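Visitor: I should like to go through this structure with you, starting with the interior and ending with the cysteines.

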Amino acid sequence: MAQARPGVLDEDLVAWPDLASLPNPLARFHHRTSFPAPHGRLACWERARSQLRQALADRMRQRTLPVAPTSPLAAERAWFLARQIMAKGQYSRVGQHIRLSDLQTELDILKDQSATYVRASWQWGAGRKIDSDDVRWLSVHLHHVQGDTLASPRPPADRTSPPPRYFWQTYSPALTRSITADVLRDALTGYRDLVEVNFPRFGAALGLYSVFPIRVEGLVVVPSDESEPQPATVTYALRPDETSGPQDRPVVDLCLSDKSVFPEESLWAKVREDRSTAFRLPGMTQQEALLPYHDRQATNLAYRWLARDLQAVGWLERAVTFSD
C-alpha cells in the first residue's frame, strides 16, 4: 500500500494489479508499506489498532492528549510550558505567578520564529523541550485563564530555616500532606477527564475507570531524621466510594506520620473487603515518592494509571513511563 501526496489521486483508494503498475516516480507518494492481507472476524479492527498504537503511545509519552480547559491537567500543562518559556533555563526567574501580557509577548516571538516551518522546537539549558504544537496549545489555553496572571497550581515551599539539606525538606510535613492530597485529587479528576474526552466508547472497560466513583485513603510518611536522603512517600489505596456521584470531586483522606505504620484499625483491613471488578482486584495499594516541587505530578500519575489500563486492553503494546 502506497500513501499518495495531496493532489496525486482523485480517488481515496486505487487498486493496481501488481507493484510494477504503481505510478512513477514514487516521489509522488509519502511511503509504501507491506502487511499480510487482513482476514478473520477482527481483521479490520486489528489493522486499525496497529496503525493507531504508535501515535497513541507518542501522545501518551508527551502527555498531550486533549482535555477540557477546566481540567487540572490543563492547568499543570499550562504552568509547565509557561515556566519553560519564561525561565529560559533559569527557573529562579519565575515565581508563583506569570503575567499573561509578558507570556503572550514571548509566545508571539516563538510563533514568528516557527511561522515558516512545519514543526519547530525549543530548549533552554537543561529544561524540557517544547515544540510549536505546545506553543499553539498554550496560546489557545490562555483565552480561558481568568485575570491578568497565570498561577502555579501548587503553593511554594514554606521552610527556609534551618537550611535544608535536600530540596524536598523545604516543605513542612503539613504542607507536604496538603500538596499530596491535592495531587491525588487532581490526578483522579484528570484521569477521568482523559478517559471521557479520548475514550468515551470503552471507558467502562478500563480498570480504574470501571471502579469510579472512588476515594483515596492513605498515609504520608515524612522522615523525622533531617539527614535522611529518602524523600517523603505516600502509600495509598483507591477504594470504591458508594457515597459520591460519578462527577463529584474525589475524597482524599491522608494521615501524616514519620513512620510507615498504620493504626491497627486502619486501611488494609478495609481494602481487602473491597469488591472486585472484571479489571481490578481489591486489596491493591500503591506507593509514590513525593516531590512537591515537580510541576506535573498529577499529570504523571493520571497518565500512568491510563497507560496501565490501555495496555491491559491492548491499545498500548508496552508500558509507558513518565518522569520530570
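Guide: What follows is a short exchange on one residue, the cavities and the cysteines.

Guide: This is a predicted model, in which local features need pLDDT of at least 70 and side-chain atom pairs count only at pLDDT 80 or more, while totals for chains, interfaces and linings use all residues. Residues are numbered from 1 along each chain as its sequence is written, and side-chain values use heavy atoms, with hydrogens and water left out.

Visitor: Where is the place of Leu103?

Guide: Leu103 belongs to helix H3, residues 100-113. Helices here are DSSP runs of H or I with at least four residues, numbered from the N terminus.

Visitor: Is Leu103 buried or exposed?

Guide: Leu103 is buried, because its relative accessible area is 0%. Buried means under 20% relative accessible area, exposed over 50%, and partly exposed in between, with a 1.4 Å probe and protein chains only.

Visitor: Which residues is Leu103 in contact with, leaving aside its neighbours within four places in sequence?

Guide: They are Ala82, Ile85, Met86, Ile98, Leu138, Leu142 and Leu150, where contact means heavy atoms within 4.5 Å. Of these, Leu138 lies 35 residues from Leu103 in sequence, and the C-alpha to C-alpha separation is 9.8 Å.

Visitor: On to cavities. How many are there of 30 Å³ or more?

Guide: There are three. On a 1 Å grid over the protein atoms alone, a cavity is a set of points where a 1.4 Å probe fits but cannot get out, and lining residues have an atom within 4 Å of a point. Grid points are joined across faces, edges and corners, and a volume is the space filled by probe spheres set on the points.

Visitor: What lines the largest cavity?

Guide: The largest cavity holds about 110 Å³, and its lining includes Arg63, Trp137, Arg296 and Tyr303. Helix H2 (72-87) and helix H7 (297-312) each supply at least two lining residues, and H2 gives the most, with three. The lining divides into eight nonpolar, one polar and three charged residues. Ala, Val, Leu, Ile, Met, Phe, Trp, Tyr, Cys and Pro count as nonpolar, Asp, Glu, Lys and Arg as charged, and the others, Gly among them, as polar.

Visitor: And how much space lies in the second largest cavity?

Guide: About 50 Å³. Among its lining residues are Arg192, Phe212, Asp248 and Arg249.

Visitor: Last topic: how many disulfides does the structure hold?

Guide: Zero, a disulfide being a pair of cysteine sulfur atoms within 2.5 Å. Cys44 counts as exposed because its relative accessibility is 65%, whereas Cys255, at 35%, is partly exposed.

Note on methods
On a 1 Å grid over the protein atoms alone, a cavity is a set of points where a 1.4 Å probe fits but cannot get out, and a pocket is an open set with protein on both sides within 12 Å along at least five of seven lines; lining residues have an atom within 4 Å of a point.
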